[in-house]
Amino acid sequence: MSGHLTTDRRWYALLILLAALAFGGIVVAAENVTGEQPLTGAPGVVARGDPVTISGIATGNPDAVYVWVFGQNYRLLSEPVDVGSDGIYRYTLERSETADLSPGRYFAIVQHPMGNGKQDVRVVSDSTISVPGGTTVDLAGLPADEAATALVDALNSPYSDDTYVMVSFMIEDPWIQIGGIRSTGG
């Protein structure tokens, strides 16, 4: 019976991947679905002003996962995202939000509270996170990549059972390319 469960989960993960590819998304990070780590998909390159959806599967029946996004001029800290009974979660940065984003690389981290159901690394004030073991880290003055690294370091603390998946995506200015124009002669 357990063989069927493993096979069903693998097929389900494959279907999620195919659905993401069919609708123009690129799955840039995928964890083994048999554990309690989230399977996350996000687009690779997005035109400024287009929506960005971060979605996936969180196993282990958590009520929520927490989305963190770090970019040059954007910070989203610990946004709780409900997880459906099927384990699927979805968070979207709407067009109105991405229209103001600077072109460049953005890091998205999905935090899973794991077995204790408790978010071990969390925001305690505007830009400061609490790290298990009693330490705090202020993310305000850090560039996007360093802020993402500081969060990952906190999540890797031996005092935290939380897991995470990190993906990155690029925001670019929109542009249109027009192929060669042919003369019809006259």
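The dialogue below works through a predicted model of one protein chain, from confidence to strands, cores and a single residue.

Me: Where should I be careful with this model, and over which residues does pLDDT stay under 50?

Reply: Since this is a predicted model, confidence is the place to begin: the protein chain averages a pLDDT of 80, and 76% of the residues score at least 70. The value stays under 50 over residues 1-9, where the model has three contacts beyond four places in sequence. It also stays under 50 over residues 19-37, and for that stretch the model has 40 contacts beyond four places in sequence.

Me: How many helices and strands does the protein chain have, and in what order do the elements run?

Reply: The protein chain holds three helices and eleven strands, and read from the N terminus on, its elements run α-β-β-β-β-β-β-α-β-β-β-β-α-β. As for contacts with a separation of 6 or more, 65% of them in the protein chain are between residues 24 or more positions apart.

Me: How do I read the sheet of five strands, and what is its order?

Reply: The general idea is that strands of a sheet pair through backbone hydrogen bonds, either parallel or antiparallel. Here the five strands make an open sheet, ordered E2-E11-E7-E4-E5, with mixed pairing. Strand E2 (45-47) and strand E5 (74-82) are its edge strands, each pairing on one side only, and from one strand to the next the twist averages 25 degrees. Strand E4 (residues 64-71) pairs with E5 in the antiparallel sense over seven bridges, and Val 67 has Glu 79 in E5 as its bridge partner. Helix H3 (residues 144-155) packs on this sheet, where it touches E4, E5, strand E7 (104-112) and strand E11 (163-172), and the direction of H3 makes about 15 degrees with that of E7.

Me: Which strands form the open sheet of three, and why is one side of each edge strand left without a neighbour?

Reply: That open sheet has the order E8-E9-E10, with antiparallel pairing. Strand E8 (122-125) and strand E10 (135-138) stand at the edges and each has a single partner strand, so one side of each has no neighbour in the sheet. The twist in this sheet averages 40 degrees from one strand to the next. E8 and strand E9 (residues 128-131) run antiparallel and are joined by three bridges, with Ser 125 standing opposite Thr 128 in E9.

Me: Which residues of the largest nonpolar core touch the most other members?

Reply: Of its 22 residues, these are Val 67, Val 69 and Phe 169. At least two residues of this core come from each of strand E3 (52-57), E4, E5, strand E6 (88-93), E7 and E11, and E11 gives the most, with four residues. There is also a second, separate core of 17 residues, which includes Ile 109, Val 121, Ile 129 and Val 152. Over the whole protein chain of 186 residues, buried residues make up 40%, while the chain exposes about 10400 Å², of which carbon and sulfur atoms supply 52%.

Me: To finish with one residue, is Ser 78 buried or exposed?

Reply: The relative accessibility of Ser 78 is 13%, and because buried means under 20%, Ser 78 counts as buried. This residue is found in strand E5, and, leaving aside neighbours within four places in sequence, Ser 78 is in contact with Tyr 66, Val 67, Trp 68, Gln 119 and Val 123. The C-alpha atoms of Ser 78 and Ile 129 are separated by 9.5 Å, although these residues are 51 residues apart along the chain.

Note on methods: Residues numbered from 1 in each chain as written. Predicted model: local features only at pLDDT ≥ 70, side-chain atom pairs only at ≥ 80, totals over all residues. Heavy atoms only, no water. pLDDT = per-residue confidence, 0-100. Contact = heavy atoms within 4.5 Å. Pairing = 2+ DSSP bridges. Axes fitted to C-alpha atoms, helices over the stretch in contact; angles between N-to-C directions. Buried < 20%, exposed > 50% of the residue type's maximum accessible area, 1.4 Å probe, protein only. Areas by Shrake-Rupley, 256 points an atom, 1.4 Å probe, with all protein chains shown as cover. Core = buried A, V, L, I, M, F, W, Y, C linked by side-chain atoms within 4.5 Å.
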